[in-house]
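This briefing looks at charged side chains and their partners in the structure shown here.

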Amino acid sequence: MKPSLAALLVAALGLAAPAVAEDASCKTIRMSDPGWSDITSTNALAGVVLAGLGYTQEVKSLSVPIGFEALKSGDLDVFLGNWMPAQQHFRDDLDQAKAAVVLGQNLEGAKFTLAVPSYVAEAGVKDFKDLATNADKFGDKIYGIESGAPANQNLQKMIDADDFRLGSWKVVESGEQAMLAQVKRAEKGKDWIVFLAWAPHPMNNAFDLTYLAGGDAYFGPNYGGAEVFTLARTGWPEACPNAATFFKNLKFTVPMENDMMALIAEEDPGAAAKGWLKQHAEVLDGWLAGVATLSGEPGLPAVQRSLGL
């Protein structure tokens, strides 16, 4: 029997064929945000698409350790911010408990290590080993992010081991925005400061900064070169295979996230995500390949309609 014209069009356009509707228990997808603007951005993009598919996204503000525990206990379904190798300890714990599965890598080309304003680098601080020599100018402080974050823990291990002669130093824990506000104040007065920095992030455009070499033992090679993965609680992909296909397809780029993070600094994340997707609708082809709506209709045209495309 020859395929119908409709079937041929579905195949040609890469649309998801109408399928059996996903179980109603899959409608609400629980996710987390540790307060990082990159995850706020990717959650927002995912949320706009999920809404167009008929799902409801529920985002909980949870620190990294608590978010991993929530995956472990089954209180979260999906997490878009598994930065590796920085979160290896948490991944090992999840793997040992068989509590989560990797749906895929959603970002490559990221980096995460210590940085200084470039005027500090020009004065001779270009490596972790250069910090102790200038301890008085830094006030024996390294500015980190929220309490319990793996990166802060890595820094504390470094201090506890007295590596780079930093045994008397202190990690100042605060949220991402508080840390960046401190960097802004320091830069304005040309004061010295060393802090956690990463890409993607608008800080790379907002500040003239230099990433420090030498921290491979704690942050990995290539200035803490990182890969970011999407995790799901064990059993969720099998229970909600259509939604899981979307998350497996969901890929980002460093420029994409830089743009989104800059946008959400100025407007509501959902509105920013919708506006960005209307300007870059081509990403939907890959994200929605083989994905239907919650009710089982082709996903791509449904999301396009929701965006007014």
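Which residues are linked in a network of salt bridges? In this predicted model, the network links Arg-30, Asp-77 and Arg-233, and a search of the whole structure finds five salt bridges.

**The network around Asp-77**

- The side chains of Asp-77 and Arg-30 meet in a salt bridge with an N to O distance of 3.0 Å, and this pair links distant parts of the chain, with Asp-77 in the loop between α3 (64–73) and β3 (78–84) and Arg-30 in strand β1 (residues 28–33), 47 residues apart.
- Asp-77 also forms a salt bridge with Arg-233, where the closest N and O atoms are 2.7 Å apart; because Arg-233 belongs to strand β9 (residues 226–233) and Asp-77 to the loop between α3 and β3, the pair ties together parts that are 156 residues apart in sequence.
- Asp-77 is buried, with a relative accessible area of 2%, whereas Arg-233 counts as partly exposed at 23%.

**A salt bridge between two helices**

- Asp-93 and Lys-72 form a salt bridge whose closest N and O atoms are 3.0 Å apart, and the pair links helix α4 (residues 88–97), which holds Asp-93, to helix α3, which holds Lys-72, across 21 residues.
- Asp-93 is partly exposed, with a relative accessible area of 27%, and Lys-72 is likewise partly exposed, at 33%.

**A buried aspartate without a salt bridge**

- Asp-127, in the loop between α5 (118–122) and α6 (135–138), is buried yet has no salt bridge, the nearest side chain of opposite charge being that of Lys-129, 4.9 Å away.
- A polar atom of the Asp-127 side chain does, however, lie 2.9 Å from the backbone nitrogen of Lys-129.
- Leaving aside neighbours within four places in sequence, Asp-127 is in contact with Leu-212, Ala-213 and Gly-214.

Conventions
Residues are numbered from 1 along each chain as its sequence is written. This is a predicted model: local features need pLDDT of at least 70, side-chain atom pairs count only at pLDDT 80 or more; totals for chains, interfaces and linings use all residues. Side-chain values use heavy atoms; hydrogens and water are left out. Helices (H or I, at least four residues) and strands (E, at least two) are DSSP runs, numbered from the N terminus. Buried means under 20% relative accessible area, exposed over 50%, partly exposed in between (1.4 Å probe, protein chains only). Lys and Arg count as positive and Asp and Glu as negative; His and the chain ends are not counted. A salt bridge is a side-chain nitrogen of Lys or Arg within 4 Å of a carboxyl oxygen of Asp or Glu. A polar contact is a pair of N or O atoms within 3.5 Å; within protein, one must be able to donate a hydrogen and the other to accept it, and residues adjacent in sequence count only if both atoms are side-chain atoms. Contact means heavy atoms within 4.5 Å.
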